[in-house]
Amino acid sequence: MSGDELSHKTLGDLSYDYLTTFGKNDSVFRYVPNSNQHEDATLMLNYGPLLEVISAAIYKNVNINPYLTRHTLLTVFTFLLFYYCGMAAYKIAGWRAGLIAMVFMLVSPRILGEAFNNPKDPPFAASYMMAVYGLLCLVSELPKPSWRSAMLTMVGIGLALSIRVGGLLLFPYTILFIGLAMLLNQEWRGHLFRFNFAYYRILIFQLLVIFTGAWLIGIMAWPAALRHPFTQPFHALAVQSSYPTVISVLFDGKVIGSNQVPWNYNPFYITMTSPVIVMAGFFTGLLLLPWTRKLLNGYALFMILFVSLFPLFFIIYKKSALLNGWRHSYFTYGGIVLFSAITYEALFRIVKPRVWNYVLYGVLATGVLLPAVFIVKNFPVIYVYFNELAGGVKGTYGDYNLDYYACSAKPAADWIAKNIPYNPALKLVSNNPGELNESLIMGNNSWRSSYIRYRERNEQDWDYAVFLPQYVDPAMMKNGRFAPQGTIYKIMVDDAVVAVIVKRQSKEDLEGIVALKKNDVQSATLHLEKAVASDDNNEIAWGYLGAAYAMSGRKNDALRALNKSLNISPGYQFAQAYLNSVMHMGGVKIH
């Protein structure tokens with residue numbers, strides 16, 4: 001399960017209750033995922049919960065596991081992304097391009113890894129791609145498109161809107177692509193400029209059906225939109241464009257606010273976390289575009305590039321807030337893969353003699369094999385993928401967010417179930433208890449964890465812990481100090497630690513911290529000295545020991561201990577604050 005899934009499942013349950021009681025049970029409008037963040041209450045109402053409602057309808061009426069139901073539905077639904085990406089490539093460039101596109105999607109670890117439990121981004125990407133394929137069909141059949149193409153476009157746009165309000169983009173896209181196609185065709189342009197609407201009466205009626213039907217599909221399971229069917233989607237778009245929730249993200253080794261990401265945030269992630277073979281095809285395609293547009297349907301290529309690149313440029317222009325990774329932009333990836341696959345098909349047709357085609361097949365096979373091996377080796381925690389140009393997960397470790405969805409909680413829970421017999425007298429903690437507990441429950445395990453910050457891990461009493469590298473000092477990750485003393489199991493991806501299970505070896509640090517908070521400096525010093533003697537990388541014990549030394553007037557010892565703490569973890573604010581305090585005491589030399 002993912003970090004967002006708990007709140008979206010609850011939203012789906014409450015939305016289902018609202019719909020099945022015809023609005024009498026309106027508790028969905030008072031749902032606050034986190035009582036300490038009032039902004040989330042408004043934010044959740046701006047998501048269309050269609051897939052969540054369908055899942056709730058299944059598991060509430062059939063006695064099956066809610067998360068298994070959700071994951072199955074999300075996986076099947078996300079398959080539409082693979083299918084329609086392949087179908088679009090097939091329509092533009094033939095069967096080989098379609099096959100390449102589907103394989104490219106299948107070996108994209110970021111997309112595949114979140115297809116099982118991300119309730120918004122891959123499903124939205126699938127709906128978006130479905131609508132794009134529908135538009136390709138619609139435009140190719142102008143001026144009198146088939147009703148099959150019209151219905152496909154309608155359903156795609158409606159499903160996209162029902163998942164994320166970004167589906168509104170597809171309404172103006174439809175007008176843009178059809179209108180521009182008319183202007184580029186002399187006969188159609190003539191009828192349009194003469195206001196010969198009788199010539200377009202079928203198309204006009206189809207557009208009315210598409211827009212009306214898509215709007216109804218988009219709002220039919222969305223409680224807030226059912227209350228305000230004409231204004232809520234636009235309000236949701238305004239809210240999500242500014243995205244009021246700000247979190248800390250790790251980018252290029254620095255912790256920054258999600259509303260302060262640099263312009264290259266999305267371009268970097270897309271380029272460095274997609275298979276090299278895909279991005280190579282995309283950038284090669286841009287260079288070959290003057291030739292490719294003559295060989296294939298140039299207008300269709302324009303459409304594909306527009307639906308992929310325009311949102312990315314718009315995000316940069318608006319300086320939009322972006323959360324961990326580039327998951328909110330997954331919907332642009334279908335077009336990138338599609339354009340890449342078409343480029344390889346163009347190369348097959350351009351390159352002569354025929355022997356070079358076999359070389360190109362070899363390049364494709366090698367390029368696909370690399371991410372495929374990563375997927376097989378590291379499943380299910382595969383969405384943390386970085387490609388070979390970035391140095392892999394190991395090469396970027398400590399520079400970028402990894403398991404932000406806490407997917408490694410599942411293998412951690414499975415290992416606990418097999419290796420640690422349940423003992424009610426022992427305490428389990430985690431910095432991601434929600435995901436860990438749900439995984440334990442799904443495995444019928446009696447262990448339950450309580451929350452603890454990684455930075456405060458030694459300030460509480462516990463016996464076992466599961467830690468993920470979220471909000472861990474990047475320097476500790478880079479210098480190999482993330483796995484603390486007592487680590488009994490590591491969950492690895494590409495030789496990088498994404499989660500650890502720890503058995504506490506000593507509580508000397510805890511006893512020292514408790515004593516210090518009671519102003520028992522002498523006792524605190526004894527306990528903390530024992531703690532650092534047994535664990536030289538315990539930055540928390542070193543920090544508190546420095547505070548104890550300072551409180552007892554041992555300034556040089558305090559400086560030594562505090563500098564040691566900061567050497568282990570430069571971002572440890574407690575140690576830095578005490579160091580600054582000691583430095584201003586005067587008469588102190590730093591050794």
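Q: Which helices each supply at least two residues of the lining of the second largest pocket?
A: In this predicted model, the second largest pocket holds about 610 Å³ of space. Of the 23 residues that line this pocket, the closest to its centre are Arg-164, Leu-237, Gln-240, Ser-241 and Ile-315. The helices that each supply at least two residues of the lining are α13 (232-242) and α16 (298-318).

Q: Which helix gives the most to the lining of the second largest pocket?
A: The lining of this pocket divides into 15 nonpolar, 6 polar and 2 charged residues. With 5 residues, the helix that gives the most is α16.

Q: How many charged residues are in the lining of the largest cavity?
A: A search of the whole structure finds 1 cavity of 30 Å³ or more, and about 40 Å³ of space lies in the largest cavity. Its lining consists of Leu-11, Ser-15, Val-28, Met-44, Leu-45, Tyr-47, Pro-49, Trp-222, Pro-223 and Ala-224, with α1 and α12 (223-227) each supplying at least two residues. By class, 9 of the lining residues are nonpolar and 1 is polar, and the number of charged residues is none.

Q: Are α1 and α4 roughly parallel or roughly perpendicular to each other?
A: Helix α1 (residues 5-20) and helix α4 (residues 66-93) pack with their axes 12 Å apart, at an angle of about 95°. Angles of 65 to 115 degrees count as roughly perpendicular. The relation of α1 to α4 is therefore roughly perpendicular.

Q: Which residues in α4 do Glu-5, Leu-6, His-8 and Lys-9 in α1 meet?
A: The residues of the contact of α1 with α4 divide into 3 nonpolar, 2 polar and 3 charged. On the α4 side, the residues met by Glu-5, Leu-6, His-8 and Lys-9 are Pro-66, Tyr-67, Arg-70 and His-71.

Q: Which strands stand at the edges of the sheet of 5 strands, and why is one side of each left without a neighbour?
A: The open sheet has mixed pairing and the order β4-β3-β5-β7-β6. Each edge strand has a single partner strand, so one side of each lacks a neighbour in the sheet. Neighbouring strands of this sheet are turned by 25° against each other on average, direction ignored. The edge strands are β4 (449-451) and β6 (487-493).

Q: Which residue in β5 does Ser-430 stand opposite?
A: Strand β3 (residues 428-430) and strand β5 (residues 464-467) pair in the parallel sense over 3 bridges. Helix α20 (residues 409-419) lies across β3, β5, β6 and β7 (496-503), running at about 145° to β6. The residue in β5 opposite Ser-430 is Val-466.

Q: Which residue in the turn of the hairpin of β1 and β2 has a positive phi?
A: Strands β1 (residues 248-251) and β2 (residues 254-257) pair in the antiparallel sense over 4 bridges, and the bridge partner of Phe-251 in β2 is Lys-254. The hairpin has 2 residues between its strands, and the one in the turn with a positive phi, about 55°, is Asp-252.

Q: Where does Pro-380 lie?
A: Most peptide bonds are trans. The bond from Phe-379 to Pro-380 is cis, with omega near 10°. Another cis peptide bond joins Lys-352 and Pro-353, with omega of about -5°, and Pro-353 is placed in the loop between α17 (333-350) and α18 (355-378). The location of Pro-380 is the loop between α18 and α19 (392-395).

Notes:
Residues are numbered from 1 along each chain as its sequence is written. This is a predicted model: local features need pLDDT of at least 70, side-chain atom pairs count only at pLDDT 80 or more; totals for chains, interfaces and linings use all residues. Side-chain values use heavy atoms; hydrogens and water are left out. Axes are lines fitted to C-alpha atoms, for helices over the stretch in contact, and angles run from 0 to 180 degrees between N-to-C directions. Angles under 35 degrees count as roughly parallel, over 145 as roughly antiparallel, 65 to 115 as roughly perpendicular and the rest as oblique. Contact means heavy atoms within 4.5 Å. Ala, Val, Leu, Ile, Met, Phe, Trp, Tyr, Cys and Pro count as nonpolar, Asp, Glu, Lys and Arg as charged, and the others, Gly among them, as polar. On a 1 Å grid over the protein atoms alone, a cavity is a set of points where a 1.4 Å probe fits but cannot get out, and a pocket is an open set with protein on both sides within 12 Å along at least five of seven lines; lining residues have an atom within 4 Å of a point. Grid points are joined across faces, edges and corners, and a volume is the space filled by probe spheres set on the points. Two strands pair if DSSP finds at least two bridges between them.
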